[in-house]
Amino acid sequence: MALLDLLLVVGIIAGVYSLLAIGMNIHWGDTGLLNFAHAAFFAVGAYTSAILTTPVLETGLLAERVVGFDLPVVAGIAAGTVLAAGLGFVIATTSVRLEGDYLAMVTLSSAELVRLVIHNEAWLTTGAQTLKNIPRPLESTVTTLPVSYDLFYFLLVWGLVAVTYLLFERMSSGPFGRVLHAIRENDDVALALGKDVSRFKLKSFAIGAGVAGLAGSLWAHYVYAISPVMFLPSLTFLIWTAVILGGAGSYAGAILGAVVIVVLRQVTRFIPGSVPFADQLPYIRLMFVGVVLVVVLYYRPEGLLGNAQRLQAGTSEGE
Amino acid sequence: MVLDPQFVWNGIVVGSIISVSALGLTLIFGILNFINIAYGDYMATGAYIAFAVNAQMGLPLVVAIAAGVGGMAAGAVLVDKVVFEHFRTSSPVTLLIVSIGVAFFIRNLIRAVWGPSGNFYDVPIEANPSLFGVRYSVEQVSIIIASLLLLAAVYVLLRRTRIGIAMRAASDDRTLTRIRGVDTERLVLYVWIAGGAIAGLGGIMLGLDAQIRPNMGFTTLIPIFAATILGGIGDPKGAVAGGFAIGILQEVSVVVIPSEYKFAVALAALIIGLLLRPDGLFGEATR
Amino acid sequence: MVDGRFSRRQVVKTVGVGGIVGLAGCAGSGGSGGGSGDGPIPVGTLAPFSQGLGWVGPNAARGRDVALQSINEETIMGREVEINEQDTETNPQAAVSGFTTLNEAEVVAMLGPSSSVIPNLFQPIRDAQLPTLSVSAGTIQMDDVGGPEEYLWRTVPSDAIAGRAQGQYALSQDFTSMAVTYKNDKGSQSFSASVADYFTGQGGDQAADVPLENNADSYRSEVQEIIDSGADVISMTAGTEVSALFMQNYIQAGTDIPLFLGNDVLTPDFIERVGADVLAESPVFGQAPAPGPAFDQFEQRHRDLHDEAPGTFGAAGYDAMNLIALAAVRGGAADRQTITQNINPVARPDGTEVSTFAEGKSELEAGNEINYQGASNPQNFDQNGDPVGPFSVLEVEDGSWVKLTTFSADELTT
Amino acid sequence: MQFEAKNIVSGYGDARILDGVDLSMVDDEMVCIIGPNGAGKSTLLKTIVGIVDTWEGKVEFAGEDITDLPPERVVDHGICYVPQDDNVFADLTIRENLRMGAWAAEDEAWFDFDDRVEAVYEQFPVLRERLSQRAGSLSGGQQQMVAMATALMLDPDLLILDEPSAGLAPKLIDDVFERIAEINDAGTQILMVEQNARRALRESDRGVVLDMGQNHIEGTGQDLLDSEEVTELYLGTT
């Protein structure tokens, strides 16, 4: 039983990461936008949902939060998704015209700015302190059923992954997706087709950010408590690795990449303390992530499930 | 609100460090034409090599600085040979992502070798002398002098020497530079040597003024990028001006905004800088 | 680092021996787990071993291994303890999967996590009924949580108590205006808020409130801001890294405003980092739980085992391991319920005072109740599983922290 | 000197642009390549100087094989090339541009930079007073002068020009062709691609018509100008 519990928990984390990767894939895989603000969208989803669904309960010296609504979880998740999409839209309106690597720097800075605000505006977010007692959806109902809550949540998360996957797959192969692909390959081509490139980029950015916000909400309602240290840039980089590993442009690849990353992290937990360099293990693991990123980009730039031809059209500029 | 001149002095010190670091970054960008996220980790590597020589092996600081600067110059070349060289024809975006992988690797290698917590060089901590109400330390004065010397040296290199002119030419138009008979791969080598050495020096300065930490470079990367971008990426003169602007703004900002938002100064400068003046303070578009 | 490898070798040795015993005894027991059988008793350590708080886990683990050494010599009813370490980083995702991994490994008790992730685990700990002793979470967010019903204790005192010790001493020195400055994170905010609350509650003024951003290059401007605020005493709370940099900038500023440090840095290591002479010359104070009678022998054994003095939370790790082991001995079984029910009894004030596992085991086997007197503090728990005990105010003299005065537990809790 | 390109095949990516081009030149000749847009004229020049890889075929100059040399090595064989666009370093001063032109020889004992600059000024007197001006701040015609002056710094045996008159005002076009003729008279072989075909053929010793990546017609400049087919298909009615 305990092993099943572990598998479910790892599965839930992998599901949340998959949603993040799906959101990143519409930006990078479909549209060719470099989004380095994913951790911020994740954070906005988590915090919006948490603030909306908790009352102002905290007492004591560190209880600085004065905002809380105690709304149903569903409202929180919906609002988290929408607000994250809104943030994506705002960031994109200012910067979507910038060239790829400049966009990366603006989005990275924006994400850090968001984190700084969350960290310091305690009246809204509890600041550096943990925002705790976040309710789990349907907890009282599920406990009356003969299934564990983790199983329920696992099914909920993966159900949403499946729905999102189908939606995005359909969108990507439909007319909207074709315009995004045209933009990814060359702004000018899309322009020549009479498409308002900026507007499509904005939509893409907002949609992907919304999915990341959904992931954030789901995660907040699972772990009971959130704090700003969960949303460092390294999370964004990890999702990048997942998307590139899985294959930019492929939603199945994005999910696969996320699952591989989460499972790899979990597997290394079983390495006994007796192996050489065990103390350095956490660092060696991250070094390995770096190596994977470079090696994949060199030997298999299209990733595990990506489409090599499309990739070539999108990213190699030549001299 | 009274502006304590101490804040300005602090800003000049921080600005010197940012300027030097931004200079190395912009040199590399000029020729390689991609944003190297691992640059901050090059700085940290330089600082740690010097730490190993100074605090762990007990050799004098001067020797340690030479080792850190030289070691990182060699390190930058090594990273190029192992990684970046294989991506020479890739797009700037691919290279940026590759550099994230390199950054992950280097930063965690440092943690694995030297541990995750901070260290200091073997320099005594004592009350600083003060002049006109401003406290200064020997290290700070050395940092400012060293950065001015370096900035002058790089200026001379880029304006007066043949290699320097070729570097500027290559950052302007790589193909035309080859047509003129320049082996740009060799130039790239020189740029990694110079950029790596400057990164190492910037890291050591930062370690001297602050603390040696595995992520010291990564966390300084945003102010450095802000300086580079504010000054016009690829433009050394702009990088220096941007560096001092960011450094002073950041330190003086505590008078007007809560100190927990000090870091936001660089973030905001970067965002606004990119949005309003993508070509930099001095305005000549490099892209 | 050399020290890390050294401690690891020790664990490897004990695990190795235990493993062989386990193989021999465990053949038939299948999945019944660590709670029964003759194999090694699995105990978890869930702590930050990497990222920002990456120093906490190793420090506590080294202290734990000192206890482990004698526990595995004496054995718990013939069985050794086998440690399973999981890293929480500072991230709930890592904490949750680390916790589930330990739960899956059927550990019977856990040396618990830091304040950064503990709120994520309140409920999972209750669900798993896994007795957990946090070795580093001082946060006042935990003041009203814990005790046997919630399977949760901590072996470090609440910041509220430490804050009072600092505030009382400051007031007794006739300081009236305090600037508080703290690393802008959860733990330091908690400590700092306790100090300020007590100080202003007793009639003092708060002159400034200056957060110290993590990863800053210098705190010179922050130091200057504090000096400019006109405070006559500074309360500074942060971990070793931020404290060391702040101290450097404070000393360089040449100010003579007295400075109180937080709990986490009252270590020989910190003196070494900042410099013994300069700390002795500056008006710098700190406060720490008045160490239990066991501290000196713990420190010596720590030096013998690891070749270095204990770091912050080392003694707390030692105490937590001893409490778990003694609880199992007292209850006569190494399972979660038994340990949960016996933590408070082995630390009860009316028992015979013991300060090592060997002493405690022989007293328990002789049928006597015991009162474990820890290395980090006496480890007497209140109803929320928080230790209460006396606090000392310290200053640096000749390269070590020496006691100036001590406040009794009564003075601090009333 | 003998220049010989045989059966050149090359292109970009998967696109085959040149499909077996032959070209030869002898001492002091000025040869002009004309042809419609997309015929591969510029690609031929880029292939010769090594910017575009040669897929098949062979290029020889003065008896040496230069087929697979990178651009920076082609210069060593006395061949200098002036691209059509982006042919000066905009951020560099004129003097610095000239120094870049002299790069390949600056360390050689026989080479005297100042002498060479003097010589170039005599051909392009307008440059003299603008020495420390940024090349990017010059007019299009002046930039073309700088580009040619830079290419002449090494006193090349073969000068390759890609559309030297593109985008220039008519008066300046005369000026440019005058310079080109002078350079040729001074003993430098010239290979150029020109859009302004009539004018170029008039100045040239020989002309080559390139179409669909292959040689089409070849002859002296005058022959081609007189040819009805050439006039009709490639020179238009201008």
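How many salt bridges are there between chain A and chain B? Zero, it turns out. Keep in mind that what we have here is a predicted model. I'd like to go through that interface, and then turn to the one between chain B and chain C.

So, A and B. Each chain puts in 42 residues: 42 from chain A and 42 from chain B. The buried area comes to about 3900 Å², and carbon and sulfur atoms give 78% of that. On the polar side, the count is two residue pairs in polar contact, both residues at pLDDT 80 or more. If you look at where chain A's side comes from, helix 3 (73-95), helix 4 (100-120), helix 11 (233-246) and helix 13 (281-299) each supply at least two residues. Helix 4 of chain A has the largest share, with 14 residues. By class, the side of chain A that touches chain B splits into 25 nonpolar, 11 polar and six charged residues.

Okay, on to B and C. Here 31 residues of chain B touch 28 residues of chain C. About 2800 Å² is buried between these two chains, with carbon and sulfur atoms giving 46%. And how many salt bridges do we get between chain B and chain C? Two. One to click on is E222(C) with K262(B), where the closest N and O atoms are 3.2 Å apart. There are also nine residue pairs in polar contact between chain B and chain C, again with both at pLDDT 80 or more.

On chain B's side of that interface, helix 1 (5-32), helix 4 (92-114), helix 8 (184-209) and helix 9 (216-230) each bring at least two residues. Helix 1 of chain B gives the largest share, and that is three residues. The class split for the side of chain B facing chain C is 10 nonpolar, 13 polar and eight charged.

Let's zoom in on helix 1 of chain B, then. Helix 1 packs with helix 7 of chain C, residues 220-228, at an angle of about 175°, and the axes are 10 Å apart. Anything over 145 degrees counts as roughly antiparallel, so that's what we call helix 1 of chain B and helix 7 of chain C. From helix 1 of chain B you have Q6(B), F7(B) and N10(B), and they meet R220(C), S221(C), Q224(C), E225(C) and D228(C) in helix 7 of chain C. Sort the residues of that helix contact by class and you get one nonpolar, four polar and three charged.

That's my tour; happy to pull any of these up on screen.

Conventions. Residues numbered from 1 in each chain as written. Chains lettered and ligands numbered in written order. Predicted model: local features only at pLDDT ≥ 70, side-chain atom pairs only at ≥ 80, totals over all residues. Heavy atoms only, no water. Contact = heavy atoms within 4.5 Å. Buried area = accessible area lost by both parts, 1.4 Å probe. Salt bridge = Lys/Arg side-chain N within 4 Å of Asp/Glu carboxyl O. Polar contact = N/O pair within 3.5 Å; in protein donor to acceptor, adjacent residues only side chain to side chain. Helix = DSSP H or I, 4+ residues; strand = E, 2+ residues; numbered from the N terminus. Nonpolar A, V, L, I, M, F, W, Y, C, P; charged D, E, K, R; others polar. Axes fitted to C-alpha atoms, helices over the stretch in contact; angles between N-to-C directions. Parallel < 35°, antiparallel > 145°, perpendicular 65-115°, else oblique.
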